Amino acid sequence: MSDVTKSQTELFRKAAVIGSGFGGLALAIRLQSAGIHTTILESRDKPGGRAYFWEKDGHIFDGGPTVITDPDCLTQLWDLTGHDMAKDIELMPVSPFYRLNWPDGTNFDYVNDPDELEAEIAKIEPDDVEGYRKFLEYSGHLYEEGYIKLGTKAFLDFKSMISAAPALMKYQAYRSLYAKVSSFVKSDKMRQMLSYQTLLVGGNPMSTSAIYGLIHKLERTGGVWFAKGGTNMLVAAMVKHFERIGGTIRLDDAVTKIDTEGDKATGVTCKSGWTETFDAVATNADVMHSYRDLLGHKHRSETATSSLKKKRFSPSLFVVHFGMKGTWPGIPHHMILFGPRYKGLLDDIYKNGTLPSDFSLYLHHPTITDPSMAPEGHSTFYVLAPVPHQGKLPIDWEDMGPKYEKRILDEIGQRLIPDIHERITTKFHYTPQDFGTDLNAHLGSAFSLEPLLQQSAFFRVHNRDDVVNNLYFVGAGTHPGAGIPGVVGSAKATAELMLEDLA
């Protein structure tokens, strides 16, 4: 078949993408760019999935994610059709990447300048400077093997996993990230600094594979960025580009069923009664929700659901959004406020299922980078605390939410803003129950499957289903996992499968 004829044929191929998170949007753009007529189906009134947003009292509150690394994985989506992402959205550099703060008052500015960074390390533990250099070299090897080579590759059979095993063994991926970091540096603070990043993708540094040490090199190589106007504006830019190249997005109409005939997905049915046939269906929705609630193929739904119930899901988050009078030039864009415990706190969240009395918090202060996200003379913040998912801690968050919110704000007040309660002009919180209600997230998990070695690559939900062979998965629950680079990478892997199958 000639290229012209093939291209004309592909224009009549139709694909549905359920969910408009970053993974779903990236997949839809790739499919539409290749000539597959693609429709995104979103249950909420706005696109973005977890990157939802609220406008309240003049403030713009992003739901997250708020950390953008490897911007090249995004620009590729525009490059496919010869467009320029920079004309649709401005990415602003963030420095320091993060400020880490401990209860004893120690601050550590994680910056990208090598000399400045090593000076920060030397202030905490001079002997760890050389250890950090060795870790950075190690992280670079992980980045090459785990991100560049494997991050956009689909693992559909065990043979593909075996082929990747030598590199994983060479770099001791079977060890936890914290254990591996500890072999390079001796300061407790430096061990926390080099391992906390897994928490931002749902992983416990004490059990998550050392392969996730690649995140450090990813940040050092690509930088840390923020979208002007908020993460919601990056979502809006992706939607604009998708529609510009001919894609269709339907909002505020949840998919209620993935229609099937035999071992084939034939289309989707929505809550409104709208139904359509498609040559392929991809889902960016929660993996458990997709299999248990949406898939009309009874046998496959039951088998996959049973398998997923045996897996470990990441914890949830409790997020407090608040706007305040005043500006805070001394508080950087991203802060990690460590508590007095590290392993003990992680055990409470991941193992014990208890709501700890102490915290490790992520504080997001977007108005230090983009003041337009708050009224003049005001600031926008959110602070999140990892908490157990509802399978481990099935409490009533409607009752606990206001109490936990106050405890978290008290902590911010004690450590950073003494008169925080008097300055707050607007606030609201988001709980594990909200993750479950708004996003159909299994157990209220904020990151889908926990990123363990035994739940990675082939052992994660496959990018293409094993039985319903034109049903595909994209997003945090499939390979390679959560985070913007992860879900955008999953979109590339899934798109390659779909385009090959639809050719």
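**Strand pairs and two buried acids in a predicted model**

Q: In which sense do strand β3 and strand β4 pair?
A: Strand β3 covers residues 53-56 and strand β4 covers residues 59-62, where strands (E, at least two residues) and helices (H or I, at least four) are DSSP runs numbered from the N terminus. Two strands count as paired if DSSP finds at least two bridges between them. Strands β3 and β4 are joined over four bridges, and the sense of their pairing is antiparallel.

This is a predicted model, in which local features need pLDDT of at least 70 and side-chain atom pairs count only at pLDDT 80 or more, while totals for chains, interfaces and linings use all residues. Residues are numbered from 1 along each chain as its sequence is written, and side-chain values use heavy atoms, with hydrogens and water left out.

Q: Which residue takes a positive phi in the hairpin of β3 and β4?
A: Within this pair of strands, E55 stands opposite I60 in β4. The hairpin has two residues between the strands, and the residue with a positive phi, near 55 degrees, is D57.

Q: Why is one side of β5 and of β6 left without a neighbour in the sheet?
A: Three strands form an open sheet with antiparallel pairing, in the order β5-β9-β6. One side of β5 (68-69) and of β6 (91-93) is free of neighbours because each stands at an edge with a single partner strand.

Q: Which residue in β9 stands opposite P93?
A: β6 and strand β9, residues 224-227, pair in the antiparallel sense over three bridges. Opposite P93, the residue in β9 is W225.

Q: How far from D286 is the nearest side chain of opposite charge?
A: D286 lies in the loop between β14 (280-283) and α11 (287-294), and its side chain reaches the backbone nitrogen of M288 at 3.0 Å. A polar atom of this side chain also lies 3.2 Å from the backbone nitrogen of H442. D286 is buried (under 20% relative accessible area, 1.4 Å probe, protein chains only), yet has no salt bridge, a term for a side-chain nitrogen of Lys or Arg within 4 Å of a carboxyl oxygen of Asp or Glu. The nearest side chain of opposite charge is R50, at 5.2 Å.

Q: With which side chain does the side chain of E219 make a polar contact?
A: E219 is placed in helix α9, residues 214-222, and is buried without a salt bridge, the nearest side chain of opposite charge, R220, being 8.1 Å away. A polar contact is a pair of N or O atoms within 3.5 Å; within protein, one must be able to donate a hydrogen and the other to accept it, and residues adjacent in sequence count only if both atoms are side-chain atoms. At 2.8 Å, the partner of the E219 side chain is Y110.

Terms used
Buried < 20%, exposed > 50% of the residue type's maximum accessible area, 1.4 Å probe, protein only. Lys, Arg positive; Asp, Glu negative; His and termini not counted.
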